[in-house]
Amino acid sequence: MTEVQLHDIALVPERTLGSPADEGPLRGRLTFGWDLLPADHESAPADWRAQVNGTPGRDYRLLLLVCSFRPETPRSPGVFRHASLAVSLTTPDPAVRPVARLIDPGERTRPVGGPGTGLSFTVATGIVDLGVERQPDAGAGREEWIVRGHGASQPDPQWEFRSLRRLPLAGDHPVAALVELVPGVPNTADVLVAAELEHRSWGVRRYRASLGPRSHGITLTS
């Protein structure tokens with residue numbers, strides 16, 4: 001198990017033709033947190049530990065990221081429709097970059113009328129406790145994705161989050177990457193979050209998260 005402290009993140013609107021001139025950042029709608037764990041941490045799936053054990057000459061870290069979407073309020077209107085979390089893995093040399101060797105989830109789905117699967121987590125006073133959840137037999141039926149990951153074995157992994165007709169984009173959504181580090185140099189993960197919210201008066205508006213220095217640049221090695 002691990003604990004992730006979530007911090008409130010301001011959503012800054014993208015300026016477009018016809019957007020309200022006095023529209024300011026949305027606050028209290030998105031929280032974000034992260035943790036950096038040893039590659040053999042108990043929360044890592046078995047196939048991740050097998051990857052680490054099968055390549056003893058390489059150095060890995062388990063990067064855990066959590067986006068938490070909060071419901072609208074009178075002072076912070078709009079319903080989340082879609083969001084994305086992008087990570088850029090870098091070193092001082094642009095030609096040599098770390099790689100997200102494995103990512104989770106590749107796809108997280110919800111069966112119609114059934115329970116979900118994936119990483120398990122609970123929330124208490126802003127702390128997200130995460131572990132590995134056993135995947136129950138969801139039975140037959142159609143499933144639709146709510147989180148989709150891209151970029152395994154690449155230096156720029158990304159996850160998309162979306163609402164479904166009967167399932168709003170809300171609550172805590174953890175994702176993770178097994179990062180293969182570049183030895184001998186500082187390794188960093190830069191984070192960017194974007195979101196689309198639907199407003200009753202303005203329609204769909206796009207926002208980017210204003211991430212502070214502690215969240216935007218995650219030091220993977222010293």
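Is Arg-58 buried, partly exposed or exposed? Keep that one in mind while you get your bearings; the tour comes back to Arg-58 further down.

**The whole chain**

What you have open is a predicted model. Show it as a cartoon and you can pick out two helices and 15 strands in the protein chain. The chain has 222 residues, and 44% of them count as buried. Now switch on a surface: the accessible area comes to about 11600 Å², with 51% of that belonging to carbon and sulfur atoms. Of the contacts with a separation of 6 or more, 74% are between residues 24 or more positions apart.

**Stop one: Arg-29**

Select Arg-29, which sits in strand β3 (residues 26-38). This arginine is buried but has no salt bridge. The nearest side chain of opposite charge is that of Glu-72, 5.4 Å away. A salt bridge needs a side-chain nitrogen within 4 Å of a carboxyl oxygen, so a cut-off of that kind is worth having in mind here. Add Gly-78 to the selection: its backbone oxygen lies 2.8 Å from a polar atom of the Arg-29 side chain. Want the surroundings too? Leaving aside neighbours within four places in sequence, Arg-29 is in contact with several residues, including Asp-8, Leu-11, Phe-69, Phe-80 and Leu-197.

**Stop two: the aromatic rings**

Two of those contacts of Arg-29, Phe-69 and Phe-80, deserve a selection of their own. The structure holds two aromatic pairs. In one of them, Phe-69 and Phe-80 meet edge-to-face, with 5.0 Å from centre to centre and 70 degrees between the planes. Phe-69 belongs to strand β4 (residues 60-69) and Phe-80 to strand β5 (residues 79-90), eleven residues apart. Phe-69 counts as buried at 2% relative accessibility, and Phe-80 is buried with a relative accessible area of 2%. Bring in Phe-161 as well, and you have one aromatic cluster made of Phe-69, Phe-80 and Phe-161.

**Stop three: Arg-58 and the salt bridges**

Back to the opening puzzle: Arg-58 is partly exposed, with a relative accessible area of 45%. A search of the whole structure finds nine salt bridges, and Arg-58 forms one with Glu-180, their closest N and O atoms being 3.6 Å apart. Arg-58 lies in the loop between α1 (46-54) and β4, while Glu-180 is in strand β12 (residues 171-180), so the pair ties together parts that are 122 residues apart in sequence. Glu-180 is buried, at a relative accessible area of 15%.

Next, select Asp-59 and Arg-61, whose side chains meet in a salt bridge (2.8 Å, N to O). Asp-59 is partly exposed at 39%, and Arg-61 is partly exposed at 25%.

Then try Asp-156 and Arg-97, a salt bridge with its closest N and O atoms 2.7 Å apart. Asp-156 is in the loop between β10 (143-150) and β11 (158-162), and Arg-97 is in the loop between β5 and β6 (99-104), 59 residues away. Asp-156 counts as partly exposed at 37% relative accessibility, as does Arg-97 at 28%. For a network, select Arg-58, Arg-101 and Glu-180, which are joined by salt bridges that share partners.

**Last stop: Thr-188**

Finish at Thr-188, in strand β13 (residues 188-199). Thr-188 is partly exposed, with a relative accessible area of 23%. Now select Thr-90: the two C-alpha atoms are separated by 5.3 Å, although the residues are 98 apart along the chain. Not counting residues up to four places away in sequence, Thr-188 touches Ser-88, Leu-89, Thr-90, Gly-217, Ile-218 and Leu-220.

Technical notes:
Residues are numbered from 1 along each chain as its sequence is written. This is a predicted model: local features need pLDDT of at least 70, side-chain atom pairs count only at pLDDT 80 or more; totals for chains, interfaces and linings use all residues. Side-chain values use heavy atoms; hydrogens and water are left out. Helices (H or I, at least four residues) and strands (E, at least two) are DSSP runs, numbered from the N terminus. Buried means under 20% relative accessible area, exposed over 50%, partly exposed in between (1.4 Å probe, protein chains only). Lys and Arg count as positive and Asp and Glu as negative; His and the chain ends are not counted. A polar contact is a pair of N or O atoms within 3.5 Å; within protein, one must be able to donate a hydrogen and the other to accept it, and residues adjacent in sequence count only if both atoms are side-chain atoms. Contact means heavy atoms within 4.5 Å. Rings of Phe, Tyr and Trp (its six-membered ring) pair if their centres lie within 6.5 Å; planes under 30 degrees apart count as stacked, over 60 as edge-to-face and the rest as tilted. Accessible areas come from the Shrake-Rupley method with a 1.4 Å probe; for residues, only the protein chains shown count as cover.
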